[in-house]
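Work through the three exercises below with the model open. Each solution goes step by step.

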Amino acid sequence: MREIKFRGSPIEDYGDLKWIEGGIYLNRDDRLAYIYSDDSGVVPVHWDSVGQSAGLKDSEGNEIYDGDAIFWEIDNGVGIESYSAVVYYSENTEKYKGMYKWIVVYLGDFHRGEFDELRTPSRYKDSLQVFGNIYESPELLTVSGMR
């Protein structure tokens, strides 16, 4: 069983610490979010920055979270194909109606708006890399067609 883990960007200044990882408490009425961990205690985080772990790590051991931008390569026998996508969690999509799935939205015009299961890039985990996220680089939302 995989660990259910979240991350969020702290509201207050924590020096070099830009993300807090751990459990979560949400107060939906007041739109307050808190991440708690043994290392940091209970930390208030920006509501819109909260993302759940996808239970997958990239080739450098970085955990992949909801909202992360990922890159991977495939050797198709003729050459190397490169892909990039934004990972997000969706309860209801056209393709997976009524099911809970981690999916990716490919970046760029060729794959704009195409959905796929997160397992697809995980097969290529040797080249899988996190290169950003939609919270620190909101322009990725526009490129992926999610906005």
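**Exercise 1: the pocket**

The largest pocket of this predicted model has a volume of about 300 Å³. Find which residues lie nearest its centre, and sort its lining by residue class.

Solution.
- Start with the lining, which holds 13 residues.
- Phe6, Leu26, Val50, Gly51 and Asp66 lie nearest the centre of the pocket.
- Next, assign strands: β2 (20–27) and β5 (51–57) each give at least two residues to the lining.
- Finally, sort by class: eight lining residues are nonpolar, two are polar and three are charged.

**Exercise 2: the sheet**

Give the strand order of the open sheet, then explain why β4 (41–45) and β6 (63–65) each have one side without a neighbour.

Solution.
- Write down the order of the six strands: β4-β3-β2-β1-β5-β6. The pairing is antiparallel.
- Look at the edges. β4 and β6 stand there with a single partner strand each, so one side of each has no neighbour in the sheet.
- Add the twist: neighbouring strands are turned by 50 degrees against each other on average, direction ignored.
- Zoom in on β5 and β6. They pair in the antiparallel sense over two bridges. Serine 53 has tyrosine 65, in β6, as its bridge partner.

**Exercise 3: a loop residue**

Locate arginine 31, describe its phi and classify its exposure.

Solution.
- Place arginine 31 in the loop between β2 and β3 (32–37).
- Read its phi: near 55 degrees, a positive value in a residue other than glycine.
- Take its relative accessible area, 47%. Partly exposed covers the range between under 20% and over 50%, so arginine 31 is partly exposed.

Definitions and conventions: Residues numbered from 1 in each chain as written. Predicted model: local features only at pLDDT ≥ 70, side-chain atom pairs only at ≥ 80, totals over all residues. Heavy atoms only, no water. 1 Å grid on protein atoms, 1.4 Å probe; cavity = no way out; pocket = protein on both sides within 12 Å on 5 of 7 lines; lining within 4 Å. Points joined across faces, edges and corners; volume = space filled by probe spheres on them. Helix = DSSP H or I, 4+ residues; strand = E, 2+ residues; numbered from the N terminus. Nonpolar A, V, L, I, M, F, W, Y, C, P; charged D, E, K, R; others polar. Pairing = 2+ DSSP bridges. Axes fitted to C-alpha atoms, helices over the stretch in contact; angles between N-to-C directions. Buried < 20%, exposed > 50% of the residue type's maximum accessible area, 1.4 Å probe, protein only.
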